[in-house]
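Work through the exercises below with the model open. Each task is followed by a stepwise solution.

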Amino acid sequence: AAQPAVRSAARERSGARASTSAEARAARSPACDAARGGPSRVGSEDELFAAAEDALHLRNDPHAAVDMLRAAERAAGGATLRIRSRLCTALAWAGDAGGALQAAREGEVLGLFADARQRPGVRLDTRLPSAPFPLEAGVVDREGYHEVRAAVELVEKAAERLLPRVREEHARLAHAAPEEAEGLAAPGVGKWTHLSLQDLDESDGVAELPATTGLVRLLLSEGIRLTPLRVRFSTIEAGTHIRTHCGPTNRRWTMHIGIDVPRAAVDEGRLFLEVGGERRAWRDGRVTLFDDSFEHSVVFDARAGAGAGAGA
């Protein structure tokens with residue numbers, strides 16, 4: 001999956017109408033009643049988990065999500081991978097860093113997680129060694145993922161020639177990029193938008209983004225046996241905080257390519273990606289390879305004169 005460090009695409013944000021209906025639906029749910037100590041009928045594990053997802057991602061109410069997820073674990077007869085992973089996220093969003101760490105360590109003891117920092121919510125394949133930044137940590141070379149190293153080197157070499165055109169292509173379409181729709185960005189002054197190549201048909205993609213699609217096709221044509229799962233531009237504005245979360249599975253790695261990264265913000269430590277407790281900064285034309293099954297977040301601290309950053 002190739003994605004820029006600070007500029008990309010997303011599904012359209014749910015409007016007020018959709019958010020209101022989701023809140024009303026959750027309020028009438030037996031799962032929500034059970035979590036609040038309401039009517040005696042206890043919601044099922046699935047009902048409680050779905051209600052917690054609504055509370056966390058649609059209503060930005062992590063405290064309610066924590067209650068529902070704890071109730072879901074009781075309904076399930078114990079912790080499961082998806083519930084415990086989401087519980088750690090909800091606790092972190094609720095400001096309880098200590099509780100999130102404790103819940104993660106309990107999950108590790110229970111065998112749900114191989115590492116308290118690596119908590120994919122859908123599937124954990126324990127046969128796949130990794131690290132927050134697998135290329136830097138030597139995992140790529142040690143485990144023989146030669147295609148990954150070749151892809152990184154190929155992209156960086158091509159970026160020397162294509163980056164100015166890729167930057168221009170994104171600038172032409174940036175106004176149409178919708179905001180991130182999963183509620184991962186904390187409420188605040190910043191904004192996070194995405195522009196997905198998958199949202200364009202074949203002719204539009206080639207016509208509007210020839211350099212960008214050419215970069216992706218270069219990867220496919222060089223005999224590198226990798227499958228891009230998603231290719232998008234991703235943009236964050238100053239003031240944005242993408243909250244700690246984990247991807248669904250450890251069966252993929254994410255490649256960010258810096259396209260238009262504010263150098264001053266990076267040099268001042270105001271713009272960074274943190275994965276598994278390790279911080280890195282993007283650079284134009286350079287690849288950052290990371291495993292998003294580890295907890296990760298992004299901070300772009302707002303200061304006077306700060307702008308937006310872009311990547312792919």
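Buried means under 20% relative accessible area, exposed over 50%, and partly exposed in between (1.4 Å probe, protein chains only). The model is predicted, so local features need pLDDT of at least 70, side-chain atom pairs count only at pLDDT 80 or more, and totals for chains, interfaces and linings use all residues. Residues are numbered from 1 along each chain as its sequence is written, and side-chain values use heavy atoms, with hydrogens and water left out.

**Exercise 1.** Classify the aromatic pair and the burial of its two residues.

Step 1. Apply the ring rule: centres of Phe, Tyr and Trp rings (six-membered ring for Trp) within 6.5 Å; planes under 30 degrees apart are stacked, over 60 edge-to-face, the rest tilted. One pair results.

Step 2. The ring centres of Tyr145 and Trp253 are 5.2 Å apart, with planes at 80 degrees, so the pair is edge-to-face.

Step 3. Check burial. Trp253 has 16% relative accessibility, so Trp253 counts as buried. Tyr145, at 25%, is partly exposed.

**Exercise 2.** Find arginines placed over aromatic faces.

Step 1. Require NZ of Lys or CZ of Arg within 6 Å of the ring centre and within 35 degrees of the ring normal.

Step 2. Arg243 sits over the face of Trp93, 3.8 Å from the ring centre. Arg280 does so over Phe133, at 4.5 Å.

**Exercise 3.** List contacts of Leu273 beyond four places in sequence.

Step 1. Count heavy atoms within 4.5 Å as contact.

Step 2. Leu273 touches residues including Phe133, Arg280, Trp282 and Phe290.
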